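The report below describes a central sheet and the helices that pack around it, with each term given its cut-offs where it is first used.

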Amino acid sequence: MHDDSPAMIKSFTNLLMGRRARMVNKSEETALSLLNKIYDHVNAELVSKNDRVKLNMDEDNFIYGEIVPASFVRILERASPQPGEVFYDLGSGSGKALLTAALHYDFSEVIGIELLPGLCQLANNLVFQANEALASSHQAYADIYLRRLSSIKIVADNFHHQDISSADIVFINATCFSYGTWEKMIDSLESIKNGSRVIVTSKKIKRDQFLLLDEGLDLMGWGMNSVNIYKKVRQVLIC
Ligand SMILES: C[S@@+](CC[C@H](N)C(=O)[O-])C[C@H]1O[C@@H](n2cnc3c(N)ncnc32)[C@H](O)[C@@H]1O
C-alpha cells in the first residue's frame, strides 16, 4: 500500500533523522546501550498486570505500553528541551521515558508519577541499576550521566492529585486513557507555564491555550503511533 500522507512522510523523516543523529552522536549511543542493558529481561507489563489483579483495578487507563528509547529521544528533540528545564511523565510505568529523558538531555528535574506500586518499585530499582552500572564504568560520560540520573524522582500517586505547575515538558502516553481521564488531565495541564510543551500519544488537546507545534507517527513499544506536541501559549481574551 502506498501512503504519502503528511503524517506518514513526517514519520519517515523522523526515522531517517533519528538514524543520522544516532550515527554521529557517541554519547547517545552509550546512553541507549545502557538503557538496553538495564531493561533487558524486564517485564513491566507483567508487573503492571500483577498489581492490577492484586488491587482489583481493571480500567483501560492501566493497560500497559511503553516508549522505545531511540524513538523517544527524537520525539523529545522536537519539543526543544533546554538545559535546566523540568520534565514530567504522567503515568511513568517502569521509568523508561524518565531514564531516556534524563540520560539524553540536561533537565534539572525528571519527575514520574505512577499509581501502581509494583511499577514504582521497578522504576526505582532500574534507576539504581543504571547508577551502579555507571559508577563501575570508566566511560568518559559516567560523571555527567550520574549527575543526570540524580535528577530523577518517582512519585507513587495518582497524577490527578499532584501539582505539575513546575513542568516545562510534560509527556503523557495517553493511548489507553479514557475520555474522562483525558479531559481531567487537560484541566490540570492548564496550570503549567506559558511556553511549556506537552507531548501526547494518540490524543489531541483542543483548547485555545495549546498550540499544536508538531504531529507525527513514531515508534512505540506496540508499533507506530501518533504523537502530538503542543505549546502552552497565553490565552487571548476577547472582551
Ligand atoms: C501506557 S503506560 C506508559 C508508561 C510510560 N509513560 C511509557 O510511556 O513508557 C501508562 C501508565 O500510566 C499509569 N496510570 C494510569 N492512570 C494513572 C493515574 N491516575 N495516576 C498515575 N498513574 C496512572 C499506568 O499504571 C501505566 O503505568
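The bridge partner of Asp89 in β2 is Gly112, and in β2 Leu90 has Ile113 as its bridge partner. This is a predicted model, in which local features need pLDDT of at least 70, side-chain atom pairs count only at pLDDT 80 or more, and totals for chains, interfaces and linings use all residues. Residues are numbered from 1 along each chain as its sequence is written. Helices (H or I, at least four residues) and strands (E, at least two) are DSSP runs, numbered from the N terminus, and two strands pair if DSSP finds at least two bridges between them.

**The sheet**

Strands β1 (residues 86-90) and β2 (residues 109-114) run parallel and are joined by five bridges. They belong to an open sheet of seven strands with mixed pairing, in the order β3-β2-β1-β4-β5-β7-β6. Because β3 (152-156) and β6 (210-220) stand at the edges with a single partner strand each, one side of each is left without a neighbour in the sheet. From one strand to the next the twist averages 15 degrees, where angles run from 0 to 180 degrees between N-to-C directions and axes are lines fitted to C-alpha atoms, for helices over the stretch in contact.

Five of the five residues of β1 are buried, meaning that 20 or more other C-beta atoms, placed from the backbone, lie within 10 Å of a residue's own, whereas 12 or fewer make it exposed and values in between partly exposed. In a regular strand the side chains alternate between the two faces of the sheet. The table gives the two directions for β1.

| Direction from β1 | Residues |
|---|---|
| One way | Val86, Tyr88, Leu90 (buried) |
| The other way | Phe87, Asp89 (buried) |

**The helices**

In helix α2 (residues 26-39), the 14 residues should span 20 Å at 1.5 Å a residue, which agrees with end C-alpha atoms 20 Å apart; the expected span is 1.5 Å times one less than the number of residues. The buried residues of α2 are Ala31, Leu34 and Leu35. They fall within an arc of 100 degrees seen down the axis, so they line one face of the helix, the arc being that of the directions from the helix axis to the C-beta atoms. Lys26, Ser33, Asn36 and Lys37 are exposed on the other side of α2.

Helix α3 (residues 44-55) packs with α6 at an angle of about 145 degrees, their axes being 8 Å apart.
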